[in-house]
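I opened the notebook to look up what surrounds the ligand and where the pockets are. My entries follow in the order I made them.

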Amino acid sequence: MSIFTKIITGELPSYKVAEDKDFIAFLDINPNAKGHTLVVPKKEENKIFDLSEEAYSKLMRFSYRVAKALEETISCKRIGMSVIGLEVPHVHVHLVPTNVMSDMQFTHKVSLTHDEFISLSKKIASNFK
Ligand code: 5GP
């Protein structure tokens with residue numbers, strides 16, 4: 001069982017920003033930038049291109065809605081999107097509020113307090129439509 005499945009089942013906590021029956025989105029615990037969010041299908045699958053075309057399209061549609069909520073909440077030049085999965089083998093889309101190229105390079109990290117994570121996740125959730 002992946003660490004993200006444990007978040008989905010509630011075994012592990014997360015700073016959730018959006019959820020429906022098939023997907024969940026929560027803040028990355030080690031963010032590249034403030035608001036860095038992971039969008040995750042609830043059905044555990046390793047690689048994104050192992051998804052069916054339909055499941056992939058649904059993931060992108062859900063990610064689009066989360067990106068819109070991020071744009072409403074966080075001032076940035078644009079929302080960067082990336083899929084890697086080398087650390088956690090459970091499909092996830094990284095959505096990163098981006099101002100400079102290094103925000104998308106997964107080397108420079110920002111730290112947030114528990115209270116900052118909570119307040120940020122609530123703000124993003126309130127802008128999710
Ligand atoms: P990737 O698998 O795409 O290389 O990276 C996995 C991402 O998941 C990383 O950005 C890492 O910070 C994040 N991550 C790993 N474990 C957890 C966790 O337990 N909770 C949250 N919210 N994010 C995690």
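Which polar backbone atom is 3.4 Å from a nitrogen atom of the ligand? I looked it up and found that the backbone atom belongs to isoleucine 29. I note here that the model is predicted.

**Entry 1: polar contacts of the ligand**

I went on to the oxygen atoms of the ligand. A polar side-chain atom of aspartate 28 is 2.5 Å from one oxygen atom. For leucine 86, I found a polar backbone atom at 3.4 Å from an oxygen atom of the ligand. I then looked up how much of the ligand is covered: on its own it has 520 Å² of accessible area, and the protein covers 87% of that.

**Entry 2: the shell around the ligand**

I asked how many residues surround the ligand. There are 16, and the closest are Asp28, Gly85, Val88, His92 and His94. Asp28 is thus on this list and also has the side-chain atom at 2.5 Å that I wrote down above.

I sorted the shell by class and got 10 nonpolar, four polar and two charged residues. Next I checked which elements they come from. Helix 1 (3–9) and strand 2 (23–27) each give at least two residues to the shell. The largest share is three residues, and it comes from helix 1.

**Entry 3: the largest pocket**

Where does the ligand sit among the pockets? It takes up the space of the largest pocket. I noted a volume of about 470 Å³ for this pocket. Its lining has 21 residues, and those nearest the centre are Phe4, Asp28, Ile29, Leu38 and Glu87. Two of these names I had already written down for polar contacts with the ligand: Asp28 and Ile29.

By class, I recorded 13 nonpolar, five polar and three charged residues in the lining. Helix 1 and strand 2 each supply at least two lining residues. Helix 1 has the largest share of the lining, with three residues.

**Entry 4: the second largest pocket**

I looked up the second largest pocket last. It holds about 200 Å³ of space. I listed its lining as Asp22, Phe23, Pro41, Lys42, Lys43, Glu45, Leu51, Glu54, Ala55 and Lys58. Which element supplies the largest share of this lining? Helix 2 (residues 53–73) does, with three residues.

How do the lining residues of this pocket divide by class? I recorded six charged, four nonpolar and no polar residues.

Notes. Residues are numbered from 1 along each chain as its sequence is written. This is a predicted model: local features need pLDDT of at least 70, side-chain atom pairs count only at pLDDT 80 or more; totals for chains, interfaces and linings use all residues. Side-chain values use heavy atoms; hydrogens and water are left out. A residue is near a molecule or strand if one of its heavy atoms lies within 4 Å of it. A polar contact is a pair of N or O atoms within 3.5 Å; within protein, one must be able to donate a hydrogen and the other to accept it, and residues adjacent in sequence count only if both atoms are side-chain atoms. Accessible areas come from the Shrake-Rupley method with a 1.4 Å probe; for residues, only the protein chains shown count as cover. On a 1 Å grid over the protein atoms alone, a cavity is a set of points where a 1.4 Å probe fits but cannot get out, and a pocket is an open set with protein on both sides within 12 Å along at least five of seven lines; lining residues have an atom within 4 Å of a point. A molecule sits in a cavity or pocket if more than half of its atoms lie within 2 Å of its grid points. Helices (H or I, at least four residues) and strands (E, at least two) are DSSP runs, numbered from the N terminus. Ala, Val, Leu, Ile, Met, Phe, Trp, Tyr, Cys and Pro count as nonpolar, Asp, Glu, Lys and Arg as charged, and the others, Gly among them, as polar. Grid points are joined across faces, edges and corners, and a volume is the space filled by probe spheres set on the points.
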